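Work through the exercises below with the sequence and the structure in view. Each task is followed by a worked solution.

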Amino acid sequence: MDILNALILLLNYIFIPALTYGSQLALGAIFVTLIYGILRFANFATGDMMSFGTMVTILFTWYFQSLGISLGVLPTALIAIPLGILFMIIYMLSIDKFVFKYYRVNKSPPVQLAMVSIGVMFVTQALVRIIIGPSDQRFFDGEKFIIKAREFKEMTGLNEGLALKSTQVITVLVTIVLVSLLFWFLNKTKTGKSMKAYSDNEDLALLSGIDPKKIVMITWIIAGILATIGGALYGLDKSFKPFTYFNNMLPIFAAAIVGGIGNPFGAFLGGYVIAFSEIFLTYAYKKFFIYILPESMEPESLVQLLSTDYKFAVSFSILVIVLLYRPSGIFKGKVL
Amino acid sequence: MRKNLNVIAAYSIMMVLIILVGIFQSWNIALSIFNMCLISAVMTMGANIQWGYAGLINFGIMGYTALGGLAAVLISVDPVQEAWSAGGFDILMCLWLIIALVLIIRFILKNFQKSKVRTYSIAALIISGIILIRLTAEPGIEAIEDINPAKTGFLGGFGLPIIFSWIVGAFFAGGLAFIVGKVALGLRADYLAIATLLISEIVIAIIKHEDWLTRGVKNVIGLKRPAPYEVDLQTTDWFINLVEKFNFGKLELISNLSDRQAALNQLVIEGSSVFVKLCYSGLFLTVVIILLILTQKALYSPWGRMMRAIRDNEEAANAMGKNVVKQHLLIFILGSAIVGIAGAMLVTQDGLFTPGSYRPMRYTFLIWVMVIVGGSGNNFGAILGGFAVWFLWIEAAPIALFLINFFTAGMSETHALKLHLIESVPYFRFLMMGLGLLLIMRYRPKGILPEKIEIK
């Protein structure tokens with residue numbers, strides 16, 4: 001019984017939150033990695049682009065709510081997301097046309113493109129804050145829990161409750177569907193394969209008649225879908241605040257590099273590596289040990305490897321270690 | 001003279017702008033902008049040495065700034081005796097443990113062949129070392145943080161004049177740069193950018209949460225000053241006389257004696273804060289000029305030529321027998337040390353250390369905007385960038401407010417859009433920075449004052 005309690009405890013406080021957070025990071029990391037693999041620069045505007053897509057989604061959610069449209073138990077935001085994606089893609093394509101294209105055509109070094117993306121970051125951040133403001137926005141509605149902690153306790157008779165939020169389930173399900181679609185697209189369709197070829201060797205791809213304009217456009221479209229969905233899921237699960245989104249850029253970068261930058265599958269797993277290690281290392285295991293150890297050996301302290309304040313530092317340290325020993329990432333990068 | 005015409009013109013425009021702020025807003029605001037411009041200029045010089053001379057990307061400026069600020073705290077605050085006696089021993093033990101750990105790892109790395117066993121044993125050593133250090137430190141840290149947590153709760157510093165911290169800050173930042181450089185300099189440019197950005201976040205996390213050293217988010221306030229205090233000035237005779245002399249004409253017009261006294265008091269209060277700011281300006285200007293002379297000398301020295309050669313073609317420089325790795329490390333340390341000076345200057349000026357205020361937007365990306373806008377590789381350009389961008393950063397809100405009022409003049413005062421725009425005025429500065437950066441990178445990629453190398 002105690003073992004079961006301990007397992008539920010881990011499931012509730014480590015496994016489910018990490019899985020959700022990891023999925024959100026994974027979507028962002030695939031976004032970073034696609035841009036890096038095909039357009040060949042580190043996009044420092046990642047976090048703010050995600051917040052832009054989320055902002056549009058929120059505005060449409062509010063609009064639908066004011067019209068009285070809702071999905072019942074599901075959050076209204078789900079019907080607003082496609083519109084958010086549409087606006088995000090338009091925004092990204094226009095930024096590409098007015099800003100990035102010039103440098104791409106001139107074959108500027110990647111560093112210069114990264115600098116330009118900082119300019120885009122400033123502008124996007126300003127737009128988001130001017131339009132929706134810098135404060136916290138909640139836009140979740142519908143049924144909050146699928147399983148409530150108390151109900152679970154009553155149902156099973158265990159001491160530990162298991163709470164399962166609907167946003168967590170939605171996040172994981174949407175991520176699985178989206179990522180499988182994406183990998184199917186990249187590996188099976190002709191366009192996906194030409195994207196791979198373009199990422200592998202630009203000149204050879206051009207020689208075999210691949211249209212670079214089309215590749216770039218499709219990359220931005222996929223990026224827009226990923227950014228908006230990733231951002232909206234994060235906002236639904238936690239809350240929307242422009243500054244948090246900017247900060248999330250850092251673990252997302254860490255996930256992309258740990259997974260091997262340029263490799264979407266690596267980025268996908270990298271998200272989970274970062275999320276799980278962050279939560280594993282900063283969780284206080286005291287209660288867990290109380291359950292599994294005999295009473296005489298119960299720990300006095302919190303049995304926490306690192307204080308929660310160092311949550312971000314964990315992912316960055318992992319990144320630094322990976323960069324030192326395996327600069328191409330855990331899964332070999334740059335193969336798309 | 002003619003060659004430098006654009007430099008002179010750009011600087012004169014900048015000075016006129018600041019003087020205009022003095023005339024139309026107030027001399028207090030103008031001087032505080034000027035002081036922050038000088039500090040920003042020091043930061044951009046540091047970044048410019050790395051990026052402009054050697055082509056190294058350092059997105060960790062925030063971390064070095066914060067370390068400089070930490071130096072200001074550790075140098076100037078008086079030591080907290082009770083804290084030292086309560087937990088000082090544990091902390092010192094920890095320090096020894098860390099040094100011993102580093103030495104042992106160095107020994108292993110030097111004397112054993114590279115193998116799996118060596119890697120694993122080093123990893124095991126580090127993990128057990130960290131556990132040991134935590135076990136030793138924990139009681140000490142708790143004891144220190146328990147002592148008068150509202151006021152101290154940390155070890156304090158050395159109680160020296162704060163001005164020394166400018167040098168110590170440089171050493172702190174240089175020391176961190178040595179470690180970071182050893183670790184990360186081999187990486188490709190964009191990886192280096194990301195790695196330094198993340199390492200600076202780690203530094204901030206440590207400063208924020210190690211309360212025994214820095215008081216963390218509880219902030220350290222009331223640091224010593226290298227300049228006199230306003231309150232003291234307002235009661236000193238020579239200062240009152242000075243203010244009287246300055247405003248003689250204005251005071252003469254007031255015939256009533258008590259009115260004149262009241263006016264003089266008002267002038268003294270205003271004058272004292274201007275005087276303090278002028279003191280800071282003098283100090284900062286000295287630092288900027290010294291650094292400018294040194295960096296200009298370095299730029300035109302054989303060493304500067306070598307750095308440019310390395311920047312422009314690493315392989316060729318390597319083939320000519322220049323040690324690229326060593327020079328990169330050196331310049332990384334030098335640039336970061338200058339940023340550390342700026343960090344200490346910043347805390348000195350503010351008189352307080354707030355770890356929570358270090359954000360990458362303000363202390364890393366803004367500095368980069370300054371370098372790019374001003375002109376990388378050109379020290380005058382970098383300084384100008386610091387001035388121009390900081391000026392815009394501060395004056396963006398008034399400018400935006402003016403523009404909004406101008407364009408929405410037809411709307412009624414209570415129009416929702418107008419109110420919303422006026423409410424979000426502070427964020428127009430991000431928009432201006434972003435647009436400025438994008439425009440400069442597109443149409444003048446070498447910055448306002450481009451790099452110009454003459455062989456003498």
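**Exercise 1.** How many of the 28 residues of H2(B) are buried?

Solution. The model is a predicted one. A residue counts as buried when 20 or more other C-beta atoms lie within 10 Å of its own. By that count, 24 of the 28 residues of H2(B) are buried, and the helix is mostly covered. For the chain as a whole, buried residues make up 39% of the 456 residues of chain B.

**Exercise 2.** Check the end-to-end length of helix H2 (residues 27-54) of chain B against its expected span.

Solution. Step one: take 1.5 Å a residue; the 28 residues should then span 40 Å. Step two: compare this with the end C-alpha atoms of H2(B), which are 39 Å apart, so the two values agree. Step three: look along the helix for a bend. H2(B) has a kink of about 35°, centred on Asn48(B). Just past the helix, Gly55(B) adopts a positive phi of about 70°.

**Exercise 3.** Describe the fold of chain B in terms of its helices, strands and contacts.

Solution. Chain B contains 19 helices and zero strands. Its C-alpha atoms fill a box of roughly 90 × 60 × 55 Å along the principal axes. Of the contacts between residues at least 6 apart in sequence, 83% join residues at least 24 apart.

**Exercise 4.** Which helix supplies the largest share of the side of chain A that touches chain B?

Solution. Start with the totals: 35 residues of chain A are in contact with 31 residues of chain B. Helices H3 (77-105), H4 (110-132), H10 (242-258) and H13 (311-325) of chain A each supply at least two residues of the chain A side. The largest share, 14 residues, comes from H4(A). By type, the chain A side divides into 28 nonpolar, five polar and two charged residues.

Terms used. Residues numbered from 1 in each chain as written. Chains lettered and ligands numbered in written order. Predicted model: local features only at pLDDT ≥ 70, side-chain atom pairs only at ≥ 80, totals over all residues. Contact = placed C-beta atoms within 7 Å. Helix = DSSP H or I, 4+ residues; strand = E, 2+ residues; numbered from the N terminus. Nonpolar A, V, L, I, M, F, W, Y, C, P; charged D, E, K, R; others polar. Buried ≥ 20, exposed ≤ 12 C-beta atoms within 10 Å, placed from the backbone. Expected span 1.5 Å × (residues − 1). Bend = angle between axes of the 7 residues up to and from the residue.
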